[in-house]
Amino acid sequence: MSLGIRYTRGFLLDLKRRLFFVKDAHELLEMKRDQLVREIKDAISRFRELRRKVELEMESLYRDLAVIHAIYGSKELISSSRTLSDRMEVEILPRSIMGVDVPEVRIKHIPDVKDKYPPHISKIAEKASAIISDLLRLAEVESLIERIAEDLKNTNVRVNALEKVVIPTYENLIKQIGEIIDQSLLEEFMRIKLVKRALMRRRGQA
Amino acid sequence: MSLTYLICRAHGYASRLLGRELILELASTQSLQQLVERLAATEYGEKLKTARTLMEMENAITEVLLNRLRSLLKVAGESRGVDFLKSYLRRYEVQNIIWALRMRLGKASKEEVSKLLIPVEEISDVKIEDILEAEDLTQALEIIKRSKAYRLPKTINSLLELEAELWKNYYSRVFERASRVPAGDRVEIRKLLGLEVELINLRTCILSAIKRLDRSIAERMLIENPAGTSRRKLRHFLESYDEKFYLEHFPAYRSYLEKLISSEEPFAEIERLRILKRFADKRRIPRFISFFYVIKYLLDLEAEYRDLRAILISIHHNIPNDIRLRLLINS
C-alpha cells in the first residue's frame, strides 16, 4: 500500500480523515455482508424446499415416462412430443439485492397442453408442464444463491482486508507519524529553549 | 395360392414365435448386451447384432416384425383372405400417417419424420411422401382427401380429430373386408374386431367420464362397431352416466376399466392387448384350417413385438423387474 508518506501535520490530518472514511466503509460493508448472509440463508432454505419438491415430481415424472416409453415405444413418444407447436415464453429481468444483480424469471406464456396431446400422453404432458414452472423457479433461486455467494465472497475479502490490513496500517501509520511529529516538536522546543538560554547568556555578558 | 396354404403357413410361422418362458427370461435380463446375446439364436439375432443404440434396437425388432408380415402377405398371394389381411395391416399405415402429421405440424423436418416411419409401402394407399409436404392441418387434410384412401368429414379442427377419423375409416374398411372372408371364419374374426373396437370406445367413454377428454371430442372419437355396442348407444352412455356405470355394464372388462378410471392408461393399454390375446387364445375352433388362425398369428406377432420393445426400453430405463412384468402382454 503506497501512501506517499510525509511526516507532516497536514498529512496526519489527511490520514485521519481517510481512516474515518475507511472505517465507515468497513461498517457499511459489514452491514452488506450481514444482509447478504441473511438473503443467502433465506434463499438456501427456499432452494432446499423447492429442490425436494422438484426432485420428487421429477422422479415420479421420469417413472411415468419410462413406463409410457416402454409401452408405446420411442416413435410414439417422439412424435407426440412434437405435437405442440406452441412454445413457452420466459423473460429474464435483472433484480438488485444489495447491489448484486440477480436474474428474475418471468413466465410470459405456458402453452396449454390440455386436449392437445393424444389421451395416453396428455397426463404426462400436463405433469411435465406443471413441473416446468417449478424448475424455472429452482433455476432462479440457484442462480440467486450463486451470485450472492460470489458477491459475499468478495465482500468478505474486502471486509477482512479493511479489518486486518487497511485499518491497522492506517492506525499504525497515524501513530507512527504522530510520534514522529511529537518528537520533532519536542526537539524544536528543546532547540528553542537552548537558543533562548544562549541568547540570554550573551545579553548578560554584554 | 390358396387360403388353406396361407392358414397352414400361418400355423408354421406361429411355431417360430418366442415362447412365454423365453419372454419372461428376457424380461429379467440386466443389460441390453445380455438381451442381444440371449436373442442371438433367434430371428432377431442377425438384426440386433449391428444395433448400437436403443433406437437402432427398436428398429431391428420392427424390421423382424415387418419381414414376418411381408412373408405372410407373399404367401397370401391372391387368396381370398389377402384383401382382408391388407386392410387389417393398414393399421401401420394409419400409425405412420399420424406420426408424420404430428411431426410435420410440430415443424419437424422431412428427414426427421422419414427416420421415424415404418416402411409399409406394400399395404399403403396413401403416399407418405405427399403427406410430408403438408405444412399445416388444412394441407394435410387436402392431401389425404386427394388420395381417396380415407373419407374425411368437411371440417376437422384438430389433429386429435383427424387421428380419430383415420381410425374410424380403418375399422370401417376392416369390417367391410371381413365380410369377404370365408363365411365359416367370419363370425370369429368379426367378434375379435368387435372386441378391439369395443375396448377402444370404452376407453374414450371412460376418459370423458373422468373429465380427461372433452365430451364433444369423445363423441367424435367413437368408432362404429358392427360387432359390439353401437356408437349411438355409447353416445347415450356418454351423455347420461358416470364411470361406475361402465363397471356395472361391462364386468368382463373390469380390470381394464378400473385401470382407466384410476388414470393408469398405459397399463390399461397392456390390459387391452391381454384381453384381445386371451380372447384369441381361448377360441376353440374345431377346424385346424381356419382363417382365424392367421389373425391370431398377427395378434401374437404384435404381442411379441410389443413385449420385446417393452423389455428393451425397460432395461434401458432400469425399470424394476416387478414393473417390467406388468408391461408384458405375454406375462
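A residue counts as buried if 20 or more other C-beta atoms lie within 10 Å of its own, as exposed if there are 12 or fewer, and as partly exposed in between. That yardstick comes up again and again below, for example with Arg80(B): this residue has 14 other C-beta atoms within 10 Å, so it is partly exposed. Everything described here belongs to a predicted model. For the complex, the predictor gives an ipTM of 0.91 and a pTM of 0.83. In chain B the average pLDDT is 90, and 99% of the residues score at least 70.

Let's start with chain A. Its secondary structure consists of two helices and two strands, and going along the sequence these come in the pattern α-β-β-α. The chain is stretched out in one direction: the C-alpha trace spans about 125 × 25 × 25 Å along its principal axes. The radius of gyration tells a matching story, with 35 Å for chain A where a compact globule of 206 residues would have a value near 17 Å. Of those 206 residues, 14% count as buried. As for contacts in chain A between residues at least 6 apart in sequence, 79% of them join residues at least 24 apart.

Chain B is built from 19 helices and zero strands. Its radius of gyration is 20 Å, close to the 20 Å that the globule rule gives for 331 residues, so chain B is as compact as a globular protein of that length. The C-alpha trace of chain B spans about 55 × 50 × 45 Å along its principal axes. Buried residues make up 39% of the 331 in this chain. Of the chain B contacts with a separation of 6 or more, 63% are between residues 24 or more positions apart.

The domain assignment splits chain B into three pieces: domain 1 (1–81 + 291–331), domain 2 (91–180) and domain 3 (181–287). Taken over C-alpha atoms, the centres of domain 1 and domain 3 of chain B are 25 Å apart. Where these two domains of chain B meet, 13 residues of domain 1 are in contact with 15 residues of domain 3. On the domain 1 side, H18(B) gives the most, with six residues. Sorted by class, that same side of domain 1 of chain B has eight nonpolar residues, one polar and four charged.

Now zoom in on helix H5 of chain B, which runs over residues 54–76. With 23 residues, H5(B) reaches 33 Å from its first C-alpha to its last, close to the 33 Å expected at 1.5 Å a residue. Which residues of H5(B) are buried? They are Met57(B), Glu58(B), Ala60(B), Ile61(B), Val64(B), Leu65(B), Leu72(B), Val75(B) and Ala76(B). An α-helix has 3.6 residues a turn, so residues three or four places apart point the same way. The buried residues of H5(B) pack against several partners, including helix H1 (9–81) of chain A and helix H18 (292–317) of chain B. Just after H5(B) comes Gly77(B), which takes a positive phi of about 50 degrees. The loop between H5 and H6 of chain B also holds Arg80(B). Leaving out residues up to four places away in sequence, Arg80(B) touches Leu3(B), Arg180(B) and Pro182(B). Arg80(B) and Thr4(B) are 76 residues apart along the chain, yet their C-alpha atoms are separated by 9.9 Å.

That leaves the place where the two chains meet. The contact takes 31 residues from chain B and 22 residues from chain A. On the chain B side, the elements that give two or more residues are H5, helix H7 (91–105), helix H11 (159–178), helix H17 (265–282) and H18 of chain B. H18(B) supplies the largest share of that side, five residues. By class, the side of chain B that touches chain A has 18 nonpolar, four polar and nine charged residues.

A close-up from chain A rounds off the picture. His69(A) is found in helix H1 of chain A. Is His69(A) buried or exposed? His69(A) has 23 other C-beta atoms within 10 Å, so it is buried. Apart from residues up to four places away in sequence, His69(A) touches Ser74(A) and Leu77(A), as well as Ile313(B) and His317(B) from chain B. By contrast, 50 Å separate the C-alpha atoms of His69(A) and Asp34(A), which are 35 residues apart along the chain.

Terms used. Residues are numbered from 1 along each chain as its sequence is written. Chains are lettered from A and ligands numbered from 1 in the order in which they are written. This is a predicted model: local features need pLDDT of at least 70, side-chain atom pairs count only at pLDDT 80 or more; totals for chains, interfaces and linings use all residues. Helices (H or I, at least four residues) and strands (E, at least two) are DSSP runs, numbered from the N terminus. The radius of gyration is taken over C-alpha atoms; the globule rule is 2.2 Å times the number of residues to the power 0.38. Two residues are in contact if their C-beta atoms, placed from the backbone, lie within 7 Å. The expected span of a helix is 1.5 Å times one less than its number of residues. Ala, Val, Leu, Ile, Met, Phe, Trp, Tyr, Cys and Pro count as nonpolar, Asp, Glu, Lys and Arg as charged, and the others, Gly among them, as polar. Domain bounds come from an automatic or database domain assignment. pLDDT is the predictor's confidence in each residue, from 0 to 100.
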